[in-house]
Amino acid sequence: MNDILPGTHFESRKDVKDAQLHKEREAGISWGRDDEDERAADAIVLSNGYADDVDQWNEITYTGAGGQTRNSSQQTSDQSWDNYGNASLRRSRIKGNCVRVIRGSKGERAYSPGSGYRYDGLYEIVADWSETGRAGFQICRFKLRRLADERQELTSVERQVQDMLDRRGQHLTEDSADDAVSRRRTTTVERIVRDTAVVRRVKRWHNFACQVCGLSLAVGADGRSYAEGAHIHALGGPDGGPDVDSNVLCLCPNCHVQLDRGALYLTDDLRVVNRFARGGAPRSAPLRTVEQHRIEKRFIRAHRRFWGIQEQSLNS
């Protein structure tokens, strides 16, 4: 499981289980026994399982288990803290354990995969409480916050260091973790941030050809091509965009820089506008798209807001 990066896509719940990211084939909460032989959650699936769920990417308000009939997202009775799933999530909150979050295609459209399931990394459970849900029944609620990308990588490094030390019969110390992190930070973190599983998938969909200008850069005698993954709503900070397919474009380096500097922007109908085209007037052209790559308007609009751009109707 250590080598599975956030953004990795799976076709089915069975594939998620086979990857050891989640123990269940249907239930939303996965749990096991902790070091004190208590039930503790290790993963959740977020895919429109409960009407009261709220997904804002960096922060999730998650509804616990129980109180529903099979294959329904509507509550028909109260939830209880005696439910194994709810008790295990509360236990992980108390113990400070993070949980893996897997999003399914039926969840919040902007943050969910177009099909199947996607592993989206580690989240910390920061609060739990009971309240009356939309249907009028008591529900168990959990607030989760996504760990920053660097913290996710450091956690992964520490796990790998501990695995190595376990084989030697030793224990993880602060010095051994720091030493491993310092050796790997310059390579591993850069790879995750700049060439994530999501970015690689988008580039493959477009066969490494720029969605703006169509350029495909040949970089090897064996026919290898080069392209970059560009986030429309830039990553980073509490207001940053998510690393999801619908927020990523496949671009050549030139168009990537222009997008990042606001020289290029997208209209809601997926036209690319060059604000500083030679000749004075902005020019637009259709964005190159493929069927499986869904692009969300909210990220396009966030990019325009950042650069103070009012969308124009350009058809040239």
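Are Trp 57 and Tyr 111 buried or exposed? Both are buried. The model is predicted, and the aromatic rings are a good way into it.

**Overall fold**

The chain has seven helices and 15 strands. It counts 316 residues, and 44% of them are buried. Of the contacts with a separation of 6 or more, 57% join residues 24 or more positions apart. The accessible surface comes to about 16600 Å². Carbon and sulfur atoms hold 45% of that surface.

**Aromatic pairs**

The structure holds five aromatic pairs. One of them joins Trp 31 and Tyr 84. Their planes stand at 75 degrees, over the 60 degree cut-off, so this pair is edge-to-face. Trp 31 lies in strand β2 (residues 29-33) and Tyr 84 in helix α2 (residues 84-95), 53 residues apart. Trp 31 is partly exposed, at 23% relative accessibility. Tyr 84 is also partly exposed, at 44%.

Trp 57 and Tyr 111 form another pair, which is tilted: the centres are 6.2 Å apart, with 35 degrees between the planes. This pair, too, links distant parts of the chain, 54 residues apart. Trp 57 sits in the loop between β4 (54-55) and β5 (59-63). Tyr 111 sits in the loop between β6 (98-104) and β7 (117-132). Ring pairs join both residues with Phe 299 in a cluster.

**Charges over rings**

Two arginines place their charged ends over aromatic rings. Tyr 84, already paired with Trp 31, is one of the rings covered.

| Charged residue | Ring | Distance to ring centre |
|---|---|---|
| Arg 39 | Tyr 84 | 3.6 Å |
| Arg 90 | Trp 81 | 3.7 Å |

Definitions and conventions. Residues numbered from 1 in each chain as written. Predicted model: local features only at pLDDT ≥ 70, side-chain atom pairs only at ≥ 80, totals over all residues. Heavy atoms only, no water. Helix = DSSP H or I, 4+ residues; strand = E, 2+ residues; numbered from the N terminus. Buried < 20%, exposed > 50% of the residue type's maximum accessible area, 1.4 Å probe, protein only. Contact = heavy atoms within 4.5 Å. Areas by Shrake-Rupley, 256 points an atom, 1.4 Å probe, with all protein chains shown as cover. Phe/Tyr/Trp six-rings, centres within 6.5 Å; stacked < 30°, edge-to-face > 60°. Lys NZ or Arg CZ within 6 Å of the ring centre and 35° of its normal.
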